Structure formats: structure tokens, C-alpha cells
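Here is a short report on one protein model. Keep the structure open as you read, and find each residue as it is named.

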Amino acid sequence: MRLSLKYRIAAMIFLLEAIMMGLVLWQTLGHSFEASREQLTANEQTLLDVLSGISRVALLTEEYADLQPYLENLLNDPRVTRIMLADIQGRVVAGNRPEDVGQAMPALTDHGDYYWRSREISNAAGQLGILAMEFSNAALLKAYHKARNLGLGIAVVGMAIIAIAGVFTGFLLTR
């Protein structure tokens with residue numbers, strides 16, 4: 001079946017618009033996701049830096065109870081899911097989960113949307129322990145999916161408008 005000229009014009013306009021919308025959406029979302037990820041990584045490093053200084057004092061004085069309010073406060077950040085501070089022997093001396101304290105530091109393996117960041121705690125005399133924090137990507141991925149769905153919705157509406165305008169333009173040109 002051969003399409004009339006007005007429908008071929010409309011199809012060509014629609015195809016070009018679909019390609020352009022797809023490229024813009026792909027580039028914009030990709031760039032936005034990477035920029036957000038870089039910002040979150042910088043924030044994670046800052047959290048580790050701040051908590052490392054406090055942890056150093058706790059490891060030197062063995063006053064781990066003084067560290068607990070700081071750990072609990074960090075859990076207000078929805079990205080932080082688990083925190084552990086281990087001494088030089090690898091024994092967890094403070095953490096947000098009571099069952100971790102006194103146990104050997106488990107292997108820090110990433111899984112799914114959860115990943116670990118760790119920092120060696122040391123002073124001039126050498127290593128004192130290890131601070132490990134587990135983070136979640138769930139909020140970032142949720143925001144990405146929301147932006148993607150919004151972008152796709154706008155693109156579909158835009159392409160429908162362009163398709164109607166293309167048919168109308170083709171109709172006017174072929175009259």
C-alpha cells in the first residue's frame with residue numbers, strides 16, 4: 001500500500017522528531033545521572049572524611065559509646081544503610097547494628113543497589129582501624145526513573161503534536 005504525499009510528509013516529520021527527541025532525552029538523562037552520581041560520590045567521601053576524624057579519636061581513647069550518636073545521626077541520610085568501625089585486629093568496635101559489634105569485620109562486597117566505601121583510619125604511629133559505610137543507590141535510581149518517565153511522557157505528547165501538525169501541513173501542501 002502506497003501512502004499519499006501528505007502522509008509521507010507527516011511520517012518523515014514524525015520520524016525526524018522521534019530521532020531528535022530520543023537523542024535529546026538519552027543525552028540529557030545520561031549526563032544528569034552521571035552528574036548526580038559524581039555529586040553523591042563526593043558527598044560520600046566527605047561523610048567518610050568527617051567520620052574518620054571522629055573515629056580516630058574513638059579508636060585512640062577506646063570511648064566507642066561517644067561515637068554512637070554520630071553514627072545514629074548519619075543514618076538520617078537515606079543513602080547510608082550500614083556503618084562499621086573496626087580496630088586494628090579487624091574486630092567491629094562500633095556500628096549502627098548492635099549485632100555487628102564484637103564480630104570480625106565482614107567482607108565488604110557490593111550487591112545490587114548497595115555498595116561499600118571504606119577508609120583506613122591512621123595516625124603518625126600507623127593504622128588504627130578501618131571505617132566502612134554501606135550506601136544505597138535506591139534514591140538516585142528512583143529519581144532517574146522518575147525523570148526518564150517524565151521525559152518519555154513529554155516526548156510522546158510532543159511527537160503526537162508533531163504528527164498531527166505533520167498531517168495538517170501535508171494536507172495544506174497537497175491541496
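## Strands that pair

Two strands pair if DSSP finds at least two bridges between them. The model shown here is predicted. In this model, strand β3 (residues 114-123) and strand β4 (residues 126-136) pair in the antiparallel sense. Their pairing runs over 10 bridges. Look along β3 for glutamate 120: opposite stands isoleucine 130 in β4. Two residues lie between β3 and β4, and the strands form a hairpin.

There is another hairpin. Strand β1 (residues 80-87) and strand β2 (residues 92-95) run antiparallel, joined by three bridges. Methionine 84 has glycine 95 in β2 as its bridge partner. The turn of this hairpin has four residues between the strands. Glycine 90 sits in that turn, with a positive phi of about 85°.

## A stacked ring pair

How many aromatic pairs does the structure hold? The structure holds one. The rings belong to tyrosine 115 and phenylalanine 135, and their centres are 6.0 Å apart. Their planes meet at 25°. Planes under 30 degrees apart count as stacked, so this pair is stacked.

Tyrosine 115 lies in strand β3 and phenylalanine 135 in strand β4, so the pair ties together parts that are 20 residues apart in sequence. Are these two residues buried or exposed? Tyrosine 115 has 7% relative accessibility and counts as buried. Phenylalanine 135 is buried too, with a relative accessible area of 0%.

## The nonpolar core

In soluble globular proteins, nonpolar side chains tend to be buried together. Here, the largest nonpolar core has 20 residues. Those with the most contacts inside this core are Leu51, Leu59, Leu67, Ile83, Leu85, Leu131 and Met133.

Which elements supply the core? At least two residues come from each of α1, α2 (68-74), β1, β2, β3 and β4. Helix α1 gives the largest share, five residues.

## Salt bridges

The structure holds six salt bridges. One of them joins the side chains of arginine 119 and aspartate 49, at 2.2 Å from N to O. This pair links distant parts of the chain. Arginine 119 is in strand β3, aspartate 49 is in helix α1, and they are 70 residues apart. Arginine 119 is partly exposed, with a relative accessible area of 21%. Aspartate 49 is also partly exposed, at 44% relative accessibility.

Now find arginine 91 and aspartate 87. They form a salt bridge, with the closest N and O atoms 3.0 Å apart. Arginine 91 counts as partly exposed at 40% relative accessibility, but aspartate 87 counts as buried at 8%. Elsewhere, salt bridges that share partners join Glu44, Asp77, Arg79 and Arg117 into one network. Within this network, the side chains of aspartate 77 and arginine 79 meet at 2.8 Å, N to O. Arginine 79 is buried, with a relative accessible area of 12%.

## A nonpolar patch on the surface

Some nonpolar residues lie at the surface. Leu15, Ile19, Met20, Leu23, Val24 and Trp26 make a nonpolar surface patch of about 640 Å². Take leucine 23 as an example. Leucine 23 lies in helix α1 (residues 5-61). Why does leucine 23 count as partly exposed? Its relative accessibility is 42%, and partly exposed is the class between buried, under 20%, and exposed, over 50%.

Technical notes
Residues numbered from 1 in each chain as written. Predicted model: local features only at pLDDT ≥ 70, side-chain atom pairs only at ≥ 80, totals over all residues. Heavy atoms only, no water. Patch = residues over 30% accessible without salt bridge, like charges linked within 9 Å, V, L, I, M, F, W, Y side chains within 5 Å. Areas by Shrake-Rupley, 256 points an atom, 1.4 Å probe, with all protein chains shown as cover. Salt bridge = Lys/Arg side-chain N within 4 Å of Asp/Glu carboxyl O. Buried < 20%, exposed > 50% of the residue type's maximum accessible area, 1.4 Å probe, protein only. Phe/Tyr/Trp six-rings, centres within 6.5 Å; stacked < 30°, edge-to-face > 60°. Core = buried A, V, L, I, M, F, W, Y, C linked by side-chain atoms within 4.5 Å.
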